Amino acid sequence: MATENSDVQGSGDKDVLLSVYSVIAARRTAYDALFWQAPVLSLTAQAFLFTVALSGGTPVWSRRIAAGLALLSALASIQLMVKHRFQETSDSITCSEIERKLEIDRIYGSLPHGRPSQRTHARDAKGLEKLKSYPIWLGLLSLFATVAVVVVILTFTNVFKP
């Protein structure tokens, strides 16, 4: 009788793990999608704002506001990317722990939500695919923030005269 209860309990634990895994894996995927939307939307907004900020025919107060908003947009996007990356990584770690408990790596050959370098299909990466996109995009957004600071300074020093 005790054996039957432990078997049922073991099966119940596995069912619970699979249910939790399903929810967390879906949420991780959603964070990953949101993660890449932030820089795209930010660059779209910044393109418009820099067009206004660098336009000679726009009043100086409009250029100052646009440059300030471009800076805020870049900084907010950096923060949003960092937050989404944290949430996605946290869920990925939890999924990997569940995968380990379920011994998925023995079946699949690696942990599906494990680090990319440890996944079977990612081991043969060469060239550009080996580069990590996260620091590249943070660097790009940081560059846009730096340019926005320069444009703010230039608009307040009246370098751009109508």
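Guide: Contact here means heavy atoms within 4.5 Å. Please also note that this is a predicted model.

Visitor: Thank you. With that meaning, which residues is Y134 in contact with, leaving aside its neighbours within four places in sequence?

Guide: Y134 is in contact with F35, W36, M81, V82 and R85, once those neighbours are set aside.

Visitor: How many residues apart in sequence are Y134 and W36, and how far apart in space?

Guide: Along the sequence, 98 residues separate Y134 and W36. In space, their C-alpha atoms are 9.3 Å apart.

Visitor: Which helix is Y134 found in?

Guide: Y134 belongs to helix α4, which covers residues 133-156.

Visitor: And is Y134 buried or exposed?

Guide: Y134 is buried, because its relative accessible area is 16%, and buried means under 20%.

Visitor: Let us change topic to S96. Where is S96 found?

Guide: S96 lies in helix α2, residues 60-101. With a relative accessible area of 7%, S96 is buried.

Visitor: What does S96 touch, not counting residues up to four places away in sequence?

Guide: On that basis, S96 touches L111, H113 and G114.

Visitor: Now for the helices themselves. At what angle do α2 and α4 pack?

Guide: The angle is about 160°, and the axes of α2 and α4 are 9 Å apart. Angles over 145 degrees count as roughly antiparallel, so α2 is roughly antiparallel to α4.

Visitor: Is the crossing of α2 and α4 left-handed or right-handed?

Guide: The crossing of these two helices is left-handed.

Visitor: How many nonpolar, polar and charged residues does the contact of α2 with α4 have?

Guide: By class, that contact has 20 nonpolar residues, four polar ones and three charged ones.

Visitor: Turning to the interior, which residues are in the largest nonpolar core?

Guide: The largest nonpolar core has 11 residues. They are L49, F50, A53, A66, A67, A70, L71, A74, A145, A148 and V151.

Visitor: Which elements give two or more residues to this core?

Guide: Those elements are α1, spanning 2-53, together with α2 and α4. The most comes from α2, which gives five residues.

Visitor: Could we take V151 from that list? What is V151 in contact with, leaving aside its neighbours within four places in sequence?

Guide: V151 is in contact with F50, A53, L54 and A67 when those neighbours are left aside.

Visitor: Which residues does the second, separate core include?

Guide: The second core has seven residues, among them F35, Y134, L138 and L141. This returns us to Y134, for which F35 is one of the contacts given earlier.

Note on methods. Residues numbered from 1 in each chain as written. Predicted model: local features only at pLDDT ≥ 70, side-chain atom pairs only at ≥ 80, totals over all residues. Heavy atoms only, no water. Helix = DSSP H or I, 4+ residues; strand = E, 2+ residues; numbered from the N terminus. Buried < 20%, exposed > 50% of the residue type's maximum accessible area, 1.4 Å probe, protein only. Axes fitted to C-alpha atoms, helices over the stretch in contact; angles between N-to-C directions. Parallel < 35°, antiparallel > 145°, perpendicular 65-115°, else oblique. Left-handed = near helix turned anticlockwise from the far one by under 90°. Nonpolar A, V, L, I, M, F, W, Y, C, P; charged D, E, K, R; others polar. Core = buried A, V, L, I, M, F, W, Y, C linked by side-chain atoms within 4.5 Å.
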